[in-house]
Every structure is written in structure tokens, then in C-alpha cells.
Amino acid sequence: MKFGPTKVMVKGDALYDAKTGKLIQGGLTTRKELEDYAAHHYITLPVVDNAGKPWQLDGKHVYCLRGSKFETLDVEAAQLRRCPDCGGMAVPVDEATVERDCVRCTQCSHEFDARLEMMES
């Protein structure tokens, strides 16, 4: 059994436990209210890009734990990165000619070296 914050999903103005579907809190009408609630309770919201669109990996929401570890509801997704341009989900580039730790954003197609990006932040 994994321990950590409860992963939640957002439906309308309410937060629900992502595993059980149980209502956690309603009446949260803005992203700021959602983030404030999450900051004061042991829950984690799905990761969103700069436009507020949730990241999806194989049709599942992606969550960020401890600031840099990404995972879906039940699977670690260690190779994901945040795109510095649009905030979208960047995944490793699977090309034999690429020798560096290169990732490509699934939304804007921006390619960058993930190691270099981590050193700059």
C-alpha cells in the first residue's frame, strides 16, 4: 500500500477522491480556491498546464508529489517534465539519434534537454 497525499479529481466546483469517487469538498469555484484547499489538506490536485488543462497519461490524470515526482493514480511516471513554454506534459523522445536526455512537450511540441532544464530551475 502506498502512502501519500490523497489524489483527487475535480468535477465542477467539487473535489472527489480519485480512487473511491467520494466527495471531499464542494463549493470551490476558482482554481485558487482549489489550490488553497489542497495546500491546507493532505491532498494533491491533477497537474495542469498554463491554460488550466489537466495532464493526461494513457487517459489518466497525472499528479505531482514532492515537487518533482509525477505519477498517475497508481503508476509512477518518473520521466515526465513540465514544459517551460506552455506548462504542458513533456515526455522522453524515443529517437535512436538522440543521445541527450531530450523530452518533447505533448501539447506544443517544444523539445528541450531535461537535465539542462532542471539545472536552470
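**View 1. Ser-109 occupies the loop between strands E11 and E12.** Strands here are DSSP runs of E with at least two residues, numbered from the N terminus. Although Ser-109 is not a glycine, its phi is positive, at about 65°. The residue has a relative accessible area of 47% and is partly exposed, a class that lies between buried (under 20%) and exposed (over 50%), computed with a 1.4 Å probe on protein chains only. The model shown is predicted: local features need pLDDT of at least 70, side-chain atom pairs count only at pLDDT 80 or more, and totals for chains, interfaces and linings use all residues. Residues are numbered from 1 along each chain as its sequence is written, and side-chain values use heavy atoms, with hydrogens and water left out.

**View 2. Four strands form an open sheet in the order E9-E10-E11-E12.** The pairing in this sheet is antiparallel, where two strands count as paired if DSSP finds at least two bridges between them. Strand E9 (81–82) and strand E12 (111–113) each have a single partner strand, so one side of each is left without a neighbour in the sheet. Strands of a sheet pair through backbone hydrogen bonds, either parallel or antiparallel.

**View 3. Strands E10 and E11 are joined in the antiparallel sense.** Strand E10 covers residues 89–92 and strand E11 covers residues 102–105, and 3 bridges link them. One of the bridge partners in E11 is Val-103, which is matched with Pro-92.

**View 4. Strand E1 pairs with strand E4 and with strand E2.** With strand E4 (residues 43–44), strand E1 (residues 6–11) pairs in the parallel sense over 2 bridges; Lys-7 stands opposite Thr-44 of E4. With strand E2 (residues 14–17), the pairing of E1 is antiparallel and runs over 4 bridges. There, Val-8 has Asp-17 in E2 as its bridge partner. E1 and E2 make a hairpin with 2 residues between them, and Gly-12 in the turn has a positive phi of about 65°.

**View 5. Lys-11 lies over the face of Tyr-16.** The distance from the ring centre is 5.4 Å. A charge sits over a ring if NZ of Lys or CZ of Arg is within 6 Å of the ring centre and within 35 degrees of the ring normal.

**View 6. Asp-58 is located in the loop between strand E5 (56–57) and strand E6 (60–61).** Phi of Asp-58 is near 55°, a positive value in a residue other than glycine. With 75% relative accessibility, Asp-58 counts as exposed.
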